[in-house]
Amino acid sequence: MKMSENLLEVRDIRKSFRVPHAGKNKLCALDGISLDLARRETLGLVGESGCGKSTLARTLMMLERPDAGTVRFDGVDPFTLTGAELLKFRSRVQMVFQDPYASLNSRMSAAEIIAEPWRSHKGLIKNRQDRDMRVRGLLDLVGLGAKAADKYPQEFSGGQRQRIGIARALALNPDVIICDEPVSALDLSVQAQVLNLLNDLQEQLGISYIFISHDLSVVRHVADRVAVMYLGKIIENGPTDTVFDRSDHPYTAALMSAAPTLDGTHRQERILLSGEVPSPLNPPSGCRFRTRCWKATEVCATTTPPVTVDPEFGGHTALCHHPLLLEGSGLETVSA
Amino acid sequence: MKGSSMTAPARHDTQTDHRADAPTVLDVDGLSVEVRTISGTLRAVNDVSFQARRGETLALLGESGCGKSMTATALVGLLEPVADVVAGSATLSGVDLLSADRKKRRAMAGTELAIVFQDALTALNPLYTVGTQLAEPFRIHKGLSAKDAKAKAVELMARVGIPQPETRLNSYPHQFSGGMRQRLLIAMAVALNPSVLIADEPTTALDVTVQAQIMALLRDLRTEFDMAVVLITHDLALVAEEADRVAVMYAGNVIETGTVAEVFADPKHPYTKGLLDSVPVNARRGDGLQSIGGSPPDLHDIPDGCVYQERCPLARDICATTRPALDHVGADRKAACHFPEEVTPRMRGGKSEDV
Amino acid sequence: MSTSIDLIPVKPTTAIVGEDDTPSRARKQSGPSFWFRLLSNDRVALTAAGVLGIVVLTAVFGPLLVGDLATRIDLDNSNQPPFTLAHGWANVLGTDPLGRSMLARLIVACQTTLSVAIPAVVISAVIGSAVGMWAGYHRGWRETLAMRVADVIMSFPSLLLAVVVLYVFSPSAANIVMVLALTRIPVYLRTARAESAELASRVFVDAARTFGASATSIIWRHVLPIVLPTMLTVATLDFCYVMLAESSLSFLGIGIQPPDVSWGLMVAQGRTYLHTAWWLSFFPGLAIVITTVSATILAAWARIATDPGQRWRLTVPQKRLSTFTKSGKRL
């Protein structure tokens with residue numbers, strides 16, 4: 001039995017932002033998020049705009065401090081660390097960003113970009129030759145040649161820039177890499193290349209990923225487990241295939257049905273939600289999804305929904321008063 | 001609008017009502033666009049031909065830089081000053097758009113041909129209310145009074161599913177959410193019942209649930225107005241669900257055309273096959289995806305012969321010397337490949353290593 | 001990714017950058033030869049740089065060559081007109097009321113003027129930029145404090161401030177430099193703060209924070225290199241302003257004091273002779289104009305040259321570029 005079953009444990013974190021023109025209203029970005037990440041595992045985070053997945057990523061990277069809740073990385077709460085210990089922790093969690101153009105400083109060469117993390121962690125590099133060798137090694141690892149080292153970001157395509165970003169994330173030998181929509185800005189054929197790369201790296205180096213994406217087919221392919229977010233809450237959580245095929249929460253079902261599929265059968269049975277995501281400044285009371293949910297009843301407006309567990313798969317949970325697996329979807333097929 | 005009440009939203013059982021004999025309303029033939037750059041002239045669109053039929057959606061599918069957006073802007077006459085149409089015709093209701101004079105063009109804008117862009121926020125003027133902008137087509141083309149035009153605008157807003165249109169008439173574009181803005185753009189586009197609606201990546205910037213709503217709206221409008229829709233996108237799944245016919249573009253050329261069902265089930269060009277394979281739809285977790293190695297060619301430096309030769313596993317000598325023409329490979333299907341019969345389900349669509 | 005007018009080779013979507021380099025990229029992107037190549041592509045900027053180079057050389061070496069020609073009083077030759085060699089080559093630009101050679105005085109004044117203007121610009125640029133970047137990156141109370149201090153300095157009419165200070169303390173060159181530097185600090189501070197605040201929210205800065213980089217190292221590594229070109233441009237323009245300010249002070253009599261000489265002082269001293277000996281004010285005024293115009297032109301060039309995204313404009317022969325952009329005609 002491993003010493004700590006989970007590499008990363010997040011319990012009930014909350015984060016709000018004060019928005020300048022909203023007066024007393026705070027923007028509630030995270031409202032009680034809990035999740036676990038094991039070693040060598042990929043956890044998918046799915047959700048639409050305003051759900052808080054970017055804030056969650058930033059909080060896990062310690063770019064934001066949560067207002068409440070705990071994070072435990074290998075048993076240690078990183079928010080209590082300072083100085084050298086904090087620095088050491090930072091090397092264990094790294095991030096790959098969404099925009100391959102904005103995440104690299106266009107005035108630095110590829111080698112400088114990849115070597116930058118070492119400037120803050122001086123102990124890892126012995127001397128200049130060591131550094132150059134490591135940079136070349138990383139460039140090879142991500143599929144760019146050593147000649148790429150002196151080129152500037154403008155000279156690379158989007159997919160290649162993303163590889164540089166991945167190489168930079170690997171520079172500190174992290175245990176966890178948070179991938180924030182890493183392939184959304186790339187062309188389809190390049191997406192496949194980068195996804196393959198991430199997969200290979202996981203097998204070779206044993207890294208865990210938190211993979212944030214809005215593209216369900218990509219998440220289905222890469223994630224072992226998935227958490228679905230809506231307006232700051234995780235409304236469904238479980239193994240990927242279970243969540244996608246046996247959706248328990250109405251929102252997940254709607255999301256699955258809204259995503260177009262290659263075989264085109266979905267359109268026949270599409271669930272169309274009404275309206276759009278409410279503003280996080282003023283989320284609905286009780287269940288946040290109730291304004292768009294066709295199963296909403298009075299209890300949904302007054303009480304926060306409880307955690308329901310899938311009767312067949314214990315690791316699959318949802319936050320709903322009227323879960324689909326217990327009560328059925330309540331939808332009829334109508335000819336247009 | 002369907003699904004807008006709190007009762008169970010209907011699951012939508014919408015079959016395409018596309019007629020096999022639908023009349024062609026837009027006929028593009030041999031369109032070529034050249035762009036002048038500091039380091040020389042390049043051909044962004046080369047000899048592109050396709051037909052759009054009433055009541056049907058034609059998808060222009062391709063990755064970035066393939067020329068699909070430039071084709072659209074060439075058709076509506078919004079090319080940048082450095083780009084020129086150097087060849088080809090585009091016949092819409094008997095008029096060749098590309099050689100028509102400004103006056104004729106303007107008369108057709110909105111009444112026959114309309115376009116919806118990707119970024120609704122920049123396509124709408126931030127200084128005018130939504131009501132003013134929606135009323136504009138009616139005032140210009142139909143000569144309606146301000147009051148009548150406003151009434152029409154309210155009607156239009158209701159039609160595209162914007163709640164409380166009478167009050168929202170006086171709002172500004174930035175006060176709407178992304179999905180609502182896109183509906184506004186669509187409203188402006190269909191205001192005068194055009195024959196052809198070009199949608200350039202209309203839902204790329206939207207959430208998937210909103211995308212579903214917008215595409216359903218487009219479908220309804222297409223049926224109601226009996227329009228031809230040209231959908232420009234890079235999203236294969238969207239094409240599979242929404243389009244009836246597809247023209248796949250690569251490096252400025254159309255390399256395959258046909259009905260979506262046939263092309264996606266049995267592609268006849270290695271690039272199409274490669275694209276279909278790189279979508280992670282049926283691959284199991286842990287399996288590699290079949291990616292196409294390398295990247296699209298630099299348009300300054302298109303090779304002689306086939307544009308796809310550098311990434312194609314079937315490339316042979318003839319591919320380097322002769323550019324394959326878009327030839328028939330079946331009834332109502334065309335592909336620009338010297339060896340379409342060799343594109344089999346088991347074959348890889350692209351070279352596996354990066355070129 | 002939409003196609004845009006700037007379809008230049010470096011646009012990544014259509015570039016094929018494989019394992020072998022494209023030859024054009026193989027050229028060095030740094031070093032003096034690189035900058036010289038960029039400069040020589042823009043003929044106007046090259047001329048301006050040349051002129052400024054002459055000015056600086058004159059300031060450094062001129063007084064040594066001229067010796068005491070600037071101070072030798074020769075009342076027989078007073079107020080001689082220029083452009084004749086009748087009175088010796090040294091007086092080719094005329095003489096002043098005391099018979100001193102204009103040319104020699106111009107050369108010595110050049111040194112004085114530059115030795116006031118350049119230190120003033122450097123001091124204000126360094127202090128203003130540093131405080132501005134720090135304030136802009138951190139935001140919060142630091143930003144508010146810095147901006148209010150800048151506001152206070154800016155709300156004093158700078159010339160009035162200079163007059164008061166120099167009247168109270170003696171108008172030595174060092175005091176003039178200090179006063180001019182102080183009044184110019186807000187310009188750099190505000191610009192640096194604005195750029196720094198914008199950069200602080202960029203993704204690559206976030207990325208640096210995730211490695212554990214401290215604020216100071218982020219400012220040094222990311223903010224400074226990006227802010228520097230703007231600061232250089234501002235500094236070059238400010239150099240013109242400071243030169244003119246010093247001239248104004250000298251004109252008012254509280255700048256450089258005789259027997260020292262600066263261009264501004266020469267203009268001032270020639271004021272009473274404008275109708276009779278126009279060359280006394282004209283040549284120093286011309287010198288000021290030429291220097292400031294050259295500096296402004298060079299600033300415009302530097303703006304483009306130091307921005308990797310805009311640099312391509314300088315790698316194309318000027319004539320092709322102007323034909324292309326002006327008329328959109330085919331190249």
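Tutor: Helices are DSSP runs of H or I with at least four residues, and strands are runs of E with at least two, numbered from the N terminus. Read in this way, chain C of this predicted model follows the pattern α-α-α-α-α-α-α-α-α-α-α along the sequence.

Student: How many helices and how many strands does chain C contain?

Tutor: Chain C has eleven helices and zero strands. Of its 331 residues, 39% count as buried.

Student: What share of the contacts in chain C with a separation of 6 or more joins residues 24 or more positions apart?

Tutor: Such pairs account for 67% of those contacts in chain C.

Student: How should one read a sheet, and in what order do the strands of the sheet in chain A lie?

Tutor: In general, strands of a sheet pair through backbone hydrogen bonds, in either a parallel or an antiparallel sense. In chain A, eight strands make up an open sheet with mixed pairing, ordered β5-β6-β7-β3-β8-β9-β12-β11. Its edge strands are β5 (93–96) and β11 (307–309) of chain A, each of which pairs on one side only. From one strand to the next, the twist averages 20°.

Student: In which sense do β6 and β7 of chain A pair, parallel or antiparallel?

Tutor: Strand β6 (residues 176–180) and strand β7 (residues 208–213) of chain A pair in the parallel sense, over five bridges. Within this pairing, I178(A) has I210(A) in β7(A) as its bridge partner.

Student: Which strands of chain A does helix α5 of chain A lie across?

Tutor: Helix α5 (residues 158–170) of chain A lies across β5 and β6 of chain A. The helix runs at about 175° to β5(A).

How values were computed. Residues are numbered from 1 along each chain as its sequence is written. Chains are lettered from A and ligands numbered from 1 in the order in which they are written. This is a predicted model: local features need pLDDT of at least 70, side-chain atom pairs count only at pLDDT 80 or more; totals for chains, interfaces and linings use all residues. Two strands pair if DSSP finds at least two bridges between them. Axes are lines fitted to C-alpha atoms, for helices over the stretch in contact, and angles run from 0 to 180 degrees between N-to-C directions. Two residues are in contact if their C-beta atoms, placed from the backbone, lie within 7 Å. A residue is buried if 20 or more other C-beta atoms lie within 10 Å of its own, exposed if 12 or fewer, and partly exposed in between; C-beta atoms are placed from the backbone.
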